[in-house]
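The exercises below are meant to be worked through with the sequence and the 3D view open side by side. Please try each task before reading the solution that follows.

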Amino acid sequence: MRCSHSLVLLLTIVAACSTSGSSPSSPSSPSSGSDGEARPSQPIETARSINQRFVAEDLDVDRFVGIFESESREVFRARDEIVGKLELTPGMAIADVGAGTGLFLESFAEAVGPEGRVYAVEISPRFLDHLRERSEREGLDRVTVVRADPRSVELPPASVDVAFVCDTYHHFEYPKETLASLLRAIRPGGSLVIVDFVRVPGVSADWVLDHVRADREAFSREIEEAGFERVGEIPVEELRENYVLRFRRP
Ligand SMILES: C[S@@+](CC[C@H](N)C(=O)[O-])C[C@H]1O[C@@H](n2cnc3c(N)ncnc32)[C@H](O)[C@@H]1O
């Protein structure tokens, strides 16, 4: 029962994240070869990119609150365990890159305490408005909302201890440039944590293979080539369709 709920939810997320009319053969679709090598998505400037729906002026934010913050979403159910595994301590600064509707903001704000800082980083104008409204409504005065560029997280150098990227790495249209900006933004010794979809040909559904452009090893290689050290997988019991990887900024 729970499995079929997850499947329906995941399908909804993928459908919602994809642009209408995209197909595996479409130049706008993220793709990966049978070799599992990462192939960059189309740039955001193209008409039908992976983030088109999110950057649209008519984005229905409430609809995405319903999609991202639903008990039938695996990451949502596992959110407390995920946050617990990040080893956040009072006074830390964390960036939620691709913060979306802001489902992690409250837990992050609580974990870093009054001396800490949470940066909610987004490229979507409507999500940015929503993140500001949400932080104000929930009294999260330690949250700073940051408008990112598709090529840069736009955070000051060495400003965060942890950068958290949940179901967003595969949305980076310029992974090399975005990773370079993350390397600058994370303090030496700090962490980059990636949560993304398990992508295994023959195991994952076709729509996962089509939507997520590469698997965990290909993403790891990209991140290590950008200058991060792989620390390892963070085991999260509740996750089946997603994995969590930690990297360190030397
Ligand atoms: C699938 S949603 C995930 C949202 C949230 N992390 C969650 O798990 O609920 C991906 C988000 O990443 C954002 N995004 C895509 N590329 C980005 C980039 N280069 N920098 C910051 N945010 C980005 C999109 O606008 C979208 O809100």
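**Exercise 1.** In which loop is Asp167 found? Then decide whether Asp167 counts as buried, partly exposed or exposed.

Solution. Start by keeping in mind that the model is predicted. Following the chain, one finds Asp167 in the loop between β6 and α8, the latter covering residues 175-185. Next, look at the backbone: Asp167 has a positive phi of about 50 degrees, although it is not a glycine. Most residues other than glycine have a negative phi. Finally, count neighbours: a residue is buried if 20 or more other C-beta atoms lie within 10 Å of its own, and exposed if 12 or fewer do. Asp167 has 19 such neighbours inside 10 Å, and therefore counts as partly exposed.

**Exercise 2.** Carry out the analysis for Glu87: where does Glu87 lie, and what is its phi?

Solution. Glu87 lies in the loop between α5 (79-85) and β3 (93-97). Its phi is near 55 degrees, which is a positive value in a residue other than glycine. Because 14 C-beta neighbours lie inside 10 Å, Glu87 counts as partly exposed.

**Exercise 3.** Describe the largest nonpolar core, and find which strand gives the most to this core.

Solution. The largest nonpolar core has 54 residues, and those with the most contacts inside it include Ile94, Ala120, Val160 and Phe164. Strand β6, residues 160-166, gives the most to this core, with six residues. Now take Phe164 alone: leaving out residues up to four places away in sequence, Phe164 touches Leu86, Ile94, Ala95, Asp96, Val97, Phe104 and Val193. As a general background, nonpolar side chains tend to be buried together in soluble globular proteins.

**Exercise 4.** Trace the chain from β4 to β5 and state the handedness of the crossover.

Solution. Strand β4 (residues 117-122) and strand β5 (residues 143-147) run parallel and are joined by five bridges. One can locate the pairing at Ala120, whose bridge partner in β5 is Val145. Between the two strands the chain passes through helix α7, residues 125-137, and this β-α-β crossover is right-handed.

**Exercise 5.** How many residues surround the ligand, and how do they divide by class?

Solution. The ligand is surrounded by 23 residues, of which the closest are Phe54, Gly98, Gly100, Cys166 and His171. Sorting the shell by class gives 14 nonpolar, seven polar and two charged residues.

Technical notes: Residues numbered from 1 in each chain as written. Predicted model: local features only at pLDDT ≥ 70, side-chain atom pairs only at ≥ 80, totals over all residues. Core = buried A, V, L, I, M, F, W, Y, C linked by C-beta atoms within 7 Å. Helix = DSSP H or I, 4+ residues; strand = E, 2+ residues; numbered from the N terminus. Contact = placed C-beta atoms within 7 Å. Near = placed C-beta within 6 Å. Nonpolar A, V, L, I, M, F, W, Y, C, P; charged D, E, K, R; others polar. Pairing = 2+ DSSP bridges. Right-handed = clockwise from strand over helix to strand, strands pointing away.
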